[in-house]
Amino acid sequence: MTEGSSNFARHDWDGADARRRLKRRYAANTRLKLYGLSAIVLALGLLAVLLGSLVMTGYKSFVQTHVTFDVYVNPENYDQANPFDSDYRTMIRDSFLKLFPEVPPGPQQRQLFDIPSTGAQLKLREIVAADPSVVGSTIRISVPVSDEFDQFQKGEGSRDAAEDARRVNDRQIVWFDKLAADGKISTPFNWTLFNSADSRFPELAGLKGAIVGTFYLLLVTFVLSFPIGIAAAIYLEEFAPKNKWTDIIEININNLAAVPSIVFGLLALAVFLQTFGLPRSAPLVGGMTIALMTLPTIIIATRAALKAVPPSIREAALGVGASKHQVIIHHVLPLAMPGILTGTIIGMAHAIGETAPLLLIGMNAFMTSASVGILDPATTLPTQIYIWADSPERGFVARTSAAILVLLGFLMLMNGLAIYLRRRLERKW
Amino acid sequence: MTEAQVEMKTRMDNEANNVKFSTRGVHVFYGDKEALKGVDLDINNNEVTALIGPSGCGKSTYLRCLNRMNDTVDSARVTGSILLDGADVYDRKVDVVQLRARVGMVFQKPNPFPKSIYDNIVYGPRIHGLASTKTEFDEIVETSLKKAGLWNEVKDRLDSGGTSLSGGQQQRLCIARAIAVSPEVILMDEPCSALDPIATARVEELIDELRENYAIVIVTHSMQQAARVSQRTAFFHIGEIVEHGNTEQIFTNPREERTRDYITGRFG
Amino acid sequence: MPNDHIVTSYDKELENLRSSIARMGGLAETQIAGAVDALFKRSAERAQQVVEADKALDDLEIAIEKDAISILARRQPMATDLREIVSALKMSSILERIGDYSKNIAKRVTAINETDNFRIVRTVGDMAHLVQKMLKDVLDAYIDQDAVKAMDVWERDAPVDELYNSLFRELLTYMMEDARSITPCTHLLFAAKNVERMGDHVTNLAEIVFYLVNGEILEDTRPKGDRTSFTVLRPSED
């Protein structure tokens, strides 16, 4: 006889007590479910508010008000010897003022000429530089209007407000309305946002510099942290003896992942810039700094991925006589790759949004053209957002939100890539 | 007799008796824990030797001494003599990679590489440089799969994944993979514990066929399996061999009370 | 034999098997006694009882066979358990055979009774008594797992054979002296032969007990005392 078979009193599964307990148990289940559900709803709600406000303020930046008119490229103002320094401003000014011959010279003409952006002459310069044969002819160009009129067109500030409370005066409104009535005003997609670098003028400012800077920065980060991280993780996981020292290293790596990013910025400032004398504001230094921050993430993710490779595969390889490095290179690493890549991309996605350490090493440089190498000063998306958020011009408010949306888009793209890679590689077998 | 003569005689005896592995006084320590307490056992050529015993008795530990798989455990320490054809496998001169090619292993859970059937088989020969041309590799694949009784089932899909096979097929693939490096001994660590009875029977049939060419050591928890496939059986208990001998004798008339109690199901 | 399998129902089944064998043994003993009793008392009624009682032995044999097959199929017994079951199978069939011999003796009682004034030779009773004792001892040896006792029984078959030899000569002499005694003597001779066979079977039981306990099959040849196959008695010339 086994000891377990002593007789229990038969339990009444259908009694009043049992029913009450059952009811309580179901109620508790329901409550727990509701708590979870409400937490999700709250989180989703907050996210919706955040995204909503960004979209509400930012969407206007994705279109730009343009004015289209004919310009006579006057040979008198064209400098044959030095086309770059020709007086394109006068060409624009003369042609634009010709649209309103009734406006007398003086302050009124100046007010009229506020309508096209200062960038108009740059656009004309580009066109002429590309094709000098246009000199002496009349061409039609479409240029951004200046920020005030862009805002006005997009409905910022009421038309009925007192003239003093507006940034455009009554006369300017009349001119602008006439241009609109003539079909000269249009609001196409704002490509400037993506193919121009920064500018003092919101209507001319774009994210190209920041995107290129971010690209270089991520490149440097990846090139540094991916191989180093994997190598470190392989050593720690596969070769290092398990003793006090490796324990300490492991704990410190985990701690490093939790160090505030500003500390890395200070470290970079002190070591990379001051001790090594590397160039300020360069993606190289930024990448090195971010690589330091990403390393622990990659090491931890890689170690977890290595650990997750079933021991049976190692045994199988050892069993047919594979040496340790063959086991790792032929079997363990390929199997761990999805995990490693996911960890790396998450780490990079984290790096893409990092601001504080970059500000410390000066990666908030004001650059009116995209940098061409990892040693040129540059900005990144988050630091660009930081710069724009700090700028007084009203146009930058919408631009900031738009830049944040672009940044979020990049993050989603990278996370999507991580998910795709993981699915893809894991499904292979 | 001089020492050399004694050694000569032992060697000749061993050859006459067809001894492949001769192990004497094998101790294994995991840290402070003594997992094997002096095991003496001979493994013969062309015979299946079954190691039985309750969990934690040291039978797998012993098995893993034979191809030095215990090396992969940091805290493991092995003493005693383990002679493969008269040469100590723990000798410093012995290359463990070569040893493991000579002494193949099949594991409890079928563990094909997540590669194609073809690549599973050629992996061993490739890293050991046993073949160089495509024709040679093809031949190895065909021979190994035929020996493992899997050829007819997979010959049309050598490129499909090894893990897409059924459990029993996977285990036979693992056996084929072990055979591919032409080992002399095949160690099997509970090779059928994850298989259904039909797949188990196939593997047992295969083991019986392989006996012609290899020395086979099998660890099993199924006494019926040990009784079915082996010629010799060793009963391990708490790190030592309680009894070893002809399988028939062990299962009809064990000499030791502990053996009897174990195989009749009196303790576990 | 310790009854401490991890699975208790296994123990119970083995215990059942053992007690069935013991019961069969007891019955077989009684049958021998009964048959001889009927013979000496010339009681047809008693003989009939013996014949009828044999059915119980047959039934028990079938029951044991079923149980043993069931254990073999479900438990895959090993070592001592395996020997126990194989032994039980063999012993039950031997005991059934012994029962058959008793029945056969009992059946001859009527035929022997046909001849008046025929004196049943004592020796048959002596033989039966010896065999009955041997059977009892071998069953004790089985229950006690005592190989020594079993070997003792194994060696005790020789006196039975000796008795049979002398009985054979004696009955031949009677038959030569008086032709009317041929019928009862022949029947009696068969009865005695049955008893002698029972003795042989009991030694088989002893061998099985020896195997059960020691795990080894007894390969020595047993001392044989039955020489009747070579006995020739010539009627005297005068």
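**Notes on the predicted model**

1. Start with the sheet in chain A: strand β1 (residues 66-72) is tied to β2(A) by seven bridges, and the two run antiparallel. One facing pair to look at is A:D70, which sits opposite A:R140 in β2(A). Bear in mind that this is a predicted model.

2. Zooming out a little, the sheet is open and has three strands, ordered β2-β1-β3 in chain A, with antiparallel pairing. β2 (138-144) and β3 (185-186) of chain A are the edge strands; each has a single partner strand, so one side of each has no neighbour in the sheet.

3. On the domain level, chain A splits into domain 1 (16-60), domain 2 (65-188) and domain 3 (208-426). Between the C-alpha centres of domain 2 and domain 3 of chain A there are 46 Å.

4. Now the A/B contact: chain A puts in 16 residues and chain B puts in 23 residues. On the chain A side, the elements giving two or more residues are α12 (311-319) and α13 (324-352). The largest share there, six residues, is from α12(A). By type, that side of chain A has eight nonpolar, six polar and two charged residues.

5. Over in chain C, have a look at C:E177, which belongs to helix α6 (residues 157-177). Is C:E177 buried or exposed? C:E177 counts as exposed because just 10 other C-beta atoms lie within 10 Å, and the cut-off for exposed is 12 or fewer. As for C:R222, C:E177 is 45 residues from it in sequence and 36 Å from it in space, C-alpha to C-alpha.

Methods:
Residues numbered from 1 in each chain as written. Chains lettered and ligands numbered in written order. Predicted model: local features only at pLDDT ≥ 70, side-chain atom pairs only at ≥ 80, totals over all residues. Contact = placed C-beta atoms within 7 Å. Helix = DSSP H or I, 4+ residues; strand = E, 2+ residues; numbered from the N terminus. Nonpolar A, V, L, I, M, F, W, Y, C, P; charged D, E, K, R; others polar. Domains from an automatic or database assignment. Buried ≥ 20, exposed ≤ 12 C-beta atoms within 10 Å, placed from the backbone. Pairing = 2+ DSSP bridges.
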